[in-house]
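I opened the file to look up how some of the helices are placed. My notes are in the order in which I went through them.

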Amino acid sequence: MSFIVSTDAAADLELDYIASRDIKVISMRFTLDGTEYSFGNGEPGLSMPELFKRLRKGASAKSQLITAETHIDHFEPFLKEGRDVLHIPLSSGLSGTCENAKSAAEQLKEKYPHNTVFVYDFRGASMGQGLCVDYLARMRDEGKSAFEAAAWVEANAKKFCHFFTVDDLGHLRRGGRISGFSSFVGSILKIKPLLHINNEGKLIPLKKLLGRNKALHSLTEKYKELSLEGDQRVFICHADCEEDAKSVAEKLSSEADVSDITVGGMGPIIGLHAGPGTVALFFMGKSR
């Protein structure tokens, strides 16, 4: 019996993809101006365009951790079926959700000694987390075991590159990523930062670029610098700026001969921190 490939809503996977690839996703909660919403499995309520529209107007937003109890409720039905679970949570460098997932797996060990919940701290986020899940789903479909897939993640996690550029430095400032002064100066000078997620799973600024076009171009340059030989699977994610994401995809296709590109929307768990106008590129490379 094949194992379960699982993740949380921070992976920003589209609903059609989740259904077609049989990925199990734990929804996550967030609040916007005091109202709580749930996101991840097509829950009704706030649309992403509306979320980013309100963030542009200064709405107050905050994401919530997934509790250990919620993880248990998610994992246990699969263990009852006699199936192993390989779960890729949001990076421990960005959230405490990962530790809650590990706690849940530990609590289930004694009750289900013949099956295992593997919680691997991939130290990724958004569609970088989703790209790892994509590789694991392909391994599952090829008949690999959860043990083999977990070993593959352990060996390859630090090859998954995550690069982001944001449109408004203020969202990073409010999230504690940059100082208020740096945000103010950046806004005046039209500075657009290039950031990445490092081996510890933390969001780290790499450099400041003058203007949006240079920032978007830097994503393509990073792919050329770090990508492995041969055509790679690439995910591109955007926060309500689809045309910018498509322009990056077109450059990768024409300048780097990339043919396997998926462009998708960024959800609220990462998007409310990065802010509208964020574009992110994910691929497997020589290193992060």
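The entries below cover one helix on its own, three helix pairs and one serine.

Entry 1, status. I am working with a predicted model.

Entry 2, helix 2. I looked up which residues of helix 2, residues 48-56, are buried, and found Met48, Leu51, Phe52 and Leu55. Looking down the axis of helix 2, I see these buried residues inside an arc of 90°, so they line one face of the helix. I noted the general reason: an α-helix has 3.6 residues a turn, so positions three or four apart point the same way.

Entry 3, ends of helix 2. At the N-terminal end I found Ser47 as the cap, with a side-chain oxygen 3.3 Å from the backbone nitrogen of Glu50. Just after helix 2 I found Gly58 with a positive phi of about 95°.

Entry 4, helices 3 and 4. I took helix 3 (residues 68-80) with helix 4 (residues 97-109); their axes come within 8 Å and cross at roughly 45°. Helix 3 is therefore oblique to helix 4. I recorded the crossing as right-handed. On the helix 3 side I listed Ala68, His71, Ile72, Phe75, Glu76 and Leu79, which meet Thr97, Asn100, Ala101, Ser103, Ala104, Gln107 and Leu108 of helix 4.

Entry 5, helices 5 and 6. Helix 6 spans residues 146-156 and packs against helix 5 at about 145°, the axes being 10 Å apart. This crossing is right-handed. From helix 5, I listed Cys132, Tyr135, Leu136 and Met139; they meet Glu148, Ala149, Trp152 and Val153 of helix 6.

Entry 6, Ser126. Is Ser126 buried or exposed? I found a relative accessible area of 0%, and since buried means under 20%, Ser126 is buried. Ser126 belongs to helix 5, residues 126-141. Leaving out residues up to four places away in sequence, I found Ser126 touching Ala10, Ala11, Asp12, Cys237, Met266, Ile270 and Phe282.

Entry 7, helices 9 and 10. I took helix 9 (residues 212-226) with helix 10 (residues 242-256); the axes come within 10 Å and cross at roughly 40°. Helix 9 and helix 10 are therefore oblique to each other. Helix 9 passes helix 10 in a right-handed crossing. Helix 9 makes the contact through residues including Arg212, Leu216, Leu219, Thr220 and Tyr223, and helix 10 through residues including Asp244, Val248, Lys251, Leu252 and Glu255.

Conventions: Residues numbered from 1 in each chain as written. Predicted model: local features only at pLDDT ≥ 70, side-chain atom pairs only at ≥ 80, totals over all residues. Heavy atoms only, no water. Buried < 20%, exposed > 50% of the residue type's maximum accessible area, 1.4 Å probe, protein only. Arc of directions from axis to C-beta. Polar contact = N/O pair within 3.5 Å; in protein donor to acceptor, adjacent residues only side chain to side chain. Axes fitted to C-alpha atoms, helices over the stretch in contact; angles between N-to-C directions. Parallel < 35°, antiparallel > 145°, perpendicular 65-115°, else oblique. Left-handed = near helix turned anticlockwise from the far one by under 90°. Contact = heavy atoms within 4.5 Å.
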